[in-house]
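Trainee: I would like a close look at a single part of this model. Please choose one strand and describe its surroundings.

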Amino acid sequence: MGSVVQNDKNGSLDGARTPARSGAPVRRHRSRARVAIALLAVTAVASGCAQGTGGAAHPAPGQQAPPAEALDSYAARLRAEQAARVAAAKRWHLARVPLAAPAPPAVKPEITARDGFEVEGQEEENLPPVFTTVPTRQKVVFLTIDDGEEKDPDFLRMMSELRIPYTAFLSDYLIKKDYGYFKKMQQRGVVLNNHTLHHPYLPGLSYAQQKHEICAMQDVIEKQYGKRPELFRPPYGNYNQDTLRAAKSCGVKYAPIWDEEVYVDHWEYREWDRDLHPGDIVLTHFRGRKDWKGTMPDMVRRFLDQVTAKGYAVARLEDYL
Ligand SMILES: [Zn+2]
């Protein structure tokens, strides 16, 4: 049996109770520099746009310039998207206009289990890696939203209008009251992932019980939404070797947890520096006034205002996996 890796059972981040964290400096994954041609073009066009000069993009030495016509229509599309983003930011009372995410990496980063978060047999059995940050040098973070209790139509509208990507981790006992709400989410481009049937403390269960919680949820999502998830998040961030073996047995490839958690009224951080880092995964929950002093849009506002103020864009997690 692998060691039990625990976060606070309430799902909150408590650095002191996170394994192998106390005192030791955190070794973060470093990625090789990967700069795609597309990214250079986007950066050049977007900055030209912002200055109102409509300046041409300059390809890096040795790279082919895209045809002028294609670049023009691309620039026009970026301008239209930016105008829509500015209007939406105003409508939803954001302090700042969210930054547009850079083009996804042409070569996907290699995802491995975070140091101290591996289980026995992690590499030998090629078990799904548990990680909190995607190795990238781009100033992006990923928003992940868990459970499924609150089903706020304003939230769907806000995220579509702002064009903010996110990933959902759903628990069946909460979503089965209204599978349709999450169908709408999926139709808006959100990937629906596995967060077990009943949200149990998995290390307290046998392998067979864990397998049922995880694999029967794969079946529910496939039946309701037509696609079997590749991402699974253990409730409370708690797991052991059986968890990852069970998840792998029914098609799970990754087990992302999180580096920060955002609530409607505060943030919590896993790292000592209490800051965002490139590639960080941010957790929040589908919760409303019943649990929080505010709504989903209030929480998104807090999340986006801080992310934008620190110079980060929100990117789509699946684009990096
Ligand atoms: Zn949860």
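Mentor: What follows is an account of strand E2 and of a glycine that touches one of its residues.

The model is predicted, with an average pLDDT of 85 for the protein chain and 79% of the residues scoring at least 70. Over residues 1-57 the pLDDT stays under 50. Where pLDDT is low, the coordinates should not be read in detail. The secondary structure of the chain consists of eight helices and nine strands.

Strand E2 covers residues 140-147, and eight of its eight residues are buried, so the strand is largely enclosed by the rest of the structure. E2 pairs with strand E8 in the parallel sense over six bridges; within this pairing, threonine 144 stands opposite leucine 283. Strand E3 (residues 167-170) also runs parallel to E2, joined by four bridges, and there isoleucine 145 has alanine 168 as its bridge partner. To get from E2 to E3 the chain passes through helix H3 (residues 153-162), a β-α-β crossover that is right-handed. Three bridges link E2 to strand E9 (residues 313-315), again in parallel, and valine 140 is partnered by alanine 313 in E9.

Valine 140 is also one of the residues touched by glycine 279, along with Thr133, Val134, Pro135 and Thr136. Glycine 279 sits in the loop between strand E7 (267-269) and strand E8 (280-285). This glycine counts as buried because it has 26 C-beta neighbours inside 10 Å. Its C-alpha lies 9.0 Å from that of leucine 317, 38 residues away in sequence.

Key:
Residues are numbered from 1 along each chain as its sequence is written. This is a predicted model: local features need pLDDT of at least 70, side-chain atom pairs count only at pLDDT 80 or more; totals for chains, interfaces and linings use all residues. Helices (H or I, at least four residues) and strands (E, at least two) are DSSP runs, numbered from the N terminus. A residue is buried if 20 or more other C-beta atoms lie within 10 Å of its own, exposed if 12 or fewer, and partly exposed in between; C-beta atoms are placed from the backbone. Two residues are in contact if their C-beta atoms, placed from the backbone, lie within 7 Å. pLDDT is the predictor's confidence in each residue, from 0 to 100. Two strands pair if DSSP finds at least two bridges between them. A crossover is right-handed if, with the strands pointing away from the viewer, the path from the first strand over the helix to the second runs clockwise. Lists of a residue's contacts leave out its neighbours within four places in sequence.
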